[in-house]
Every structure is written in C-alpha cells, then in structure tokens.
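I open these notes for a reader who has not met this structure before. I set down what I looked up, one entry at a time.

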Amino acid sequence: RLHLVTWNVGTASPPPDVTSLLQLSSLGPTMDMYVIGLQEVNSRITNFLSDMAFDDPWSIFFMTVLSPLGYIKLSSVRMQGLLLLIFVKHIHLPFIQGIHTHYTRTGLYGYWGNKGGVSIRMSLYGHTICFMNCHLPAHMENTGQRLDDFEKILEMQFEGENIPSPLDHDVLFWFGDLNFRIADYGIHFVRESINNKRYSLLWEKDQLNMAKKTEAFLKEFREGPLQFKPTYKFDLYSDVYDTSEKKRKPAWTDRILWKMKNLCQNASKEGDFSEEEQTISVTLNNYVSHMSYGISDHKPVTGTFGLELKPLVSVPLVMLNPEGEWSAEHDVIICYSAVPEFPSSAWDWIGLFRVTFRHVNDYVTYAWVEDDEISSNKNSKQVYMSAAEIPDMGGEFLLCYYSNNLQSIVGISEPFQIQPSTTSVKKDLTQEENSWMQKPDNLESHDE
C-alpha cells in the first residue's frame with residue numbers, strides 16, 4: 001500500500017497536524033510506503049544552505065510524525081524549492097536496493113532550479129520503480145513549455161551502471177505542481193461548474209487531458225478521475241478561490257499520474273496479457289484533494305495505490321540477530337549469515353537502532369563487520385559490540401546490516417529488548433524516592 005502526496009506549500013512552515021493528509025486515522029491496513037513530493041519549500045539562499053547541511057523543517061516534521069509509527073526515511077532529494085521524501089515500514093528495508101536520486105533544472109534555460117524535477121528510483125522486491133516530483137512553468141499560455149520541460153526531465157539518466165532511464169522502469173509515478181490550466185472557458189463558467197460539482201464539463205478543456213490525446217510520450221500515462229475541486233488558486237486559510245486583483249482561474253495544477261512499462265507493450269500485442277507475464281500491477285484506490293489545509297494557495301492532493309508484486313527477491317541478502325540476552329552491563333555478540341552471492345565489503349557495518357529510528361544514520365552505535373569479527377565459519381559469522389557503546393537505560397532495539405556496495409540496509413533483525421544496567425535502575429529508584437520525599441504538603445496522607 002503506497003500513499004503519495006503532492007503539495008505546493010507556498011514557502012509556508014509545516015501545519016500543526018497531518019493526520020488526514022497521511023490517512024493515519026483510517027481503519028484499514030496501514031501504508032507500507034509514503035512518497036511525499038513538495039514544491040515551493042522555502043528556498044531563500046540562507047534557508048537552502050542551512051538545509052543542505054541539516055535536514056530541512058519539512059523533512060524533520062514528517063520524520064517526527066512517521067518514525068514513531070515504524071517508518072524510516074528511505075531517501076530524499078532536494079533542489080531549491082522541490083523536495084521528495086520516501087518513508088517505508090522497517091519490514092521492507094532488506095528488499096529495497098539500488099536507490100538513486102537525481103534532479104533536473106529547467107528554470108532559466110536549465111541554469112536555475114526553481115522549476116524542474118527531482119527523482120528517486122529503486123528496486124522493490126526486484127521490480128524497478130521511479131518517482132518523479134515536478135514543478136513545471138506557470139501561466140495559461142505556457143503549455144508548450146510545460147511539455148518541453150517534462151520531456152527534458154524524462155530524458156535524464158541516473159548515475160551508475162545499468163540503471164534504466166525513467167521510462168524503462170516497471171512503474172513510473174509522475175506528480176507535482178504540473179501547472180496545467182483549464183483552457184477556453186471563462187472564469188465565471190469555470191467557477192459555476194465547480195459550485196455545481198459538474199467537474200466533468202471542465203475535463204475536456206484541461207490542458208493535460210488535451211495533451212495526453214496528442215503527445216505520444218504522454219499517452220501511456222494514467223490518472224484517476226478528477227472528482228475533486230480544482231486545487232488552485234485559493235485565498236490562504238480558506239476554501240475560497242482567489243479574490244485578489246489577479247482573480248486567477250481555478251485549475252487542477254496538482255496531479256498524480258503513473259505509467260506501467262510492460263502494460264502497453266503486452267496489451268498492444270494481445271489486447272490483454274496472461275497472469276504469468278504480469279508480475280506487477282498498480283491499482284488506484286483513492287485520488288482526492290484535502291481542502292482543510294490552508295497554509296498555501298494550493299490544496300494538497302493524495303493518491304493511495306495498491307501495488308501487487310510477484311516478489312523476484314524474497315530472501316534478505318543478510319539474516320542477523322542478537323546472540324543470547326542483551327544487557328547494557330556486558331559486551332554482546334551479533335550473529336549473521338549472508339547469501340552466497342552477497343557482495344560484502346570491508347566497509348559494511350551493523351548498526352544498533354532504536355525501533356523508532358528515523359533514517360539510516362540514526363544509529364545508537366555500530367560495529368564494522370570485518371574489524372569487529374570474532375568468529376567465522378561457512379554458515380555464519382559473529383561480530384562483537386562493546387558494553388560501553390550500549391545505552392544504560394536499555395529498551396527496545398533493532399539491528400540493521402548496511403551494505404557499502406549496495407548503499408542500503410540489506411538485513412534487519414526482529415525487535416529485541418536490552419536490559420538496563422543495574423546502576424541506571426538504582427539511579428531511577430533513587431530519583432523516584434527523592435520525588436516521593438518532596439511530595440507537596442497539600443496532598444493528604446492516607447497512613448492515619
């Protein structure tokens with residue numbers, strides 16, 4: 001289950017609550033992956049430089065919301081105001097490899113990154129998936145420029161050997177503030193149609209829908225029905241369309257589309273294809289806007305998808321677990337084994353993470369698999385971790401094996417408990433006694 005968000009945030013700070021945006025209170029099964037594409041993230045030069053050194057406020061905000069729920073930030077890419085974030089449930093980490101990011105500037109003839117696209121690609125259970133967050137040129141008359149820019153973004157290549165181009169991935173998701181407008185109709189007709197919820201009257205004059213009929217490179221992209229109000233342009237903190245002097249005509253600028261690589265090839269030959277050939281399918285379950293968010297003149301749009309995958313990779317490259325009972329009082333041992341074809345490296349490491357860790361560098365401590373090895377045989381290896389590195393307070397933790405060659409986590413243990421050290425337990429009890437001794441006088445005593 002994949003939940004995809006696109007939102008032009010108009011340089012605003014994150015809102016107080018994103019429960020409905022991320023569908024966190026829905027009664028159905030939880031999401032496996034969140035893909036969040038933002039445009040117009042505050043990109044003043046000072047902000048941008050500090051964000052390059054540290055995570056930007058939006059990344060920190062989403063990590064703070066999602067990490068307690070068992071999601072880790074898998075990858076992110078930023079280009080000025082464009083930001084793309086991907087979060088996944090822990091359980092899927094060993095099956096996601098080949099993560100690469102890229103950005104393409106199209107503003108000011110390719111020299112400026114205020115417009116363009118940011119992309120993240122990966123192999124998910126052996127299937128190639130690419131996510132592309134774009135911010136295309138504004139204004140009614142720039143349809144041609146929008147199409148040219150998107151074509152240029154599609155032509156980009158990820159760095160690395162044997163990585164397919166965006167269009168050669170099994171699934172390509174394309175989303176963002178694509179800035180396509182509603183042509184021909186006047187503002188009064190458009191607003192009247194919206195007020196009467198007769199959105200279908202406007203679909204045929206939507207510039208993206210029109211382009212999909214004429215442009216060969218767009219024909220294979222699919223989109224859910226636009227059964228929500230156009231998402232641009234609103235007065236801030238309201239659901240009232242633009243009342244400024246400009247009185248912009250409403251438009252579905254914020255969109256989510258996808259394209260299957262094999263669907264078109266197989267379908268064009270046979271009209272349909274057999275179960276055997278179809279190793280991946282995409283179902284759109286929900287395509288909606290979220291009117292309650294008012295921090296920008298755009299409303300966010302989300303698409304909830306079901307990805308059905310026939311796993312081409314079903315066994316983690318590395319299996320690992322803590323040996324025996326772990327305590328903060330003594331050195332501990334990690335046991336792991338790798339599949340025969342695993343390309344290990346002297347720079348591989350095993351990290352100890354809290355179960356609510358935010359990203360791959362959010363470890364408590366780590367051990368080098370070669371330097372800290374204490375025994376090895378054909379089936380398994382053991383690595384030592386010093387008690388001095390383990391948190392005194394103990395708690396619930398995970399072990400993750402990070403592959404330097406694959407630049408990703410390739411093995412993850414079940415959650416396990418580390419017992420606190422006796423000194424920390426004593427310290428806790430002493431603090432508790434002290435707080436009890438300092439009990440306010442106005443509390444009645446029940447000893448009498």
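Entry on helix H2. I began with the buried side of this helix, where I found Trp58, Ser59, Phe61, Phe62, Met63 and Leu66 listed as buried. I then looked up what these residues lie against, and the buried residues of H2 turn out to pack against S1, S2, S3 and S4. The helix spans residues 57–66 and packs on the sheet, and its direction makes about 15 degrees with that of strand S4, which covers residues 82–89. At the start of H2 I noted Asp56, one of whose side-chain oxygens comes to within 3.0 Å of the backbone nitrogen of Trp58.

Entry on the sheet. I next asked myself in what order the strands of this open sheet follow one another. The order is S3-S4-S2-S1-S11-S10, which makes six strands, and the pairing is mixed. As edge strands I wrote down S3, residues 71–79, and S10, residues 280–289, each of which pairs on one side only. Between neighbouring strands of this sheet I recorded an average turn of 15 degrees, with direction ignored.

Entry on one strand pair. I followed S1, residues 2–8, to S2, residues 33–39, and found that the two run parallel and are joined by seven bridges. As one example within this pair, I looked up Val5 and found that Ile36 is its bridge partner in S2. As background I add that strands of a sheet pair through backbone hydrogen bonds, either parallel or antiparallel.

Entry on the whole chain. I remind myself that this is a predicted model, and I then stepped back to the chain, which has eight helices and 21 strands. Of its 448 residues, 50% count as buried, and the accessible surface comes to about 22,100 Å², with 50% of that surface belonging to carbon and sulfur atoms. Among the contacts in the chain with a separation of 6 or more, I noted that 68% are between residues 24 or more positions apart.

Entry on confidence. How does the chain score on average, and what share of the residues reaches at least 70? The average pLDDT is 89, and 87% of the residues score at least 70. Over residues 264–276, however, the pLDDT is below 50, although this stretch has 13 contacts in the model beyond near neighbours in sequence. Residues 439–448 also stay under 50, and for them I found zero contacts beyond four places in sequence. Where pLDDT is low, the predicted coordinates should not be read in detail.

Technical notes
Residues are numbered from 1 along each chain as its sequence is written. This is a predicted model: local features need pLDDT of at least 70, side-chain atom pairs count only at pLDDT 80 or more; totals for chains, interfaces and linings use all residues. Side-chain values use heavy atoms; hydrogens and water are left out. Helices (H or I, at least four residues) and strands (E, at least two) are DSSP runs, numbered from the N terminus. Buried means under 20% relative accessible area, exposed over 50%, partly exposed in between (1.4 Å probe, protein chains only). Contact means heavy atoms within 4.5 Å. Accessible areas come from the Shrake-Rupley method with a 1.4 Å probe; for residues, only the protein chains shown count as cover. pLDDT is the predictor's confidence in each residue, from 0 to 100. Two strands pair if DSSP finds at least two bridges between them. Axes are lines fitted to C-alpha atoms, for helices over the stretch in contact, and angles run from 0 to 180 degrees between N-to-C directions. A polar contact is a pair of N or O atoms within 3.5 Å; within protein, one must be able to donate a hydrogen and the other to accept it, and residues adjacent in sequence count only if both atoms are side-chain atoms.
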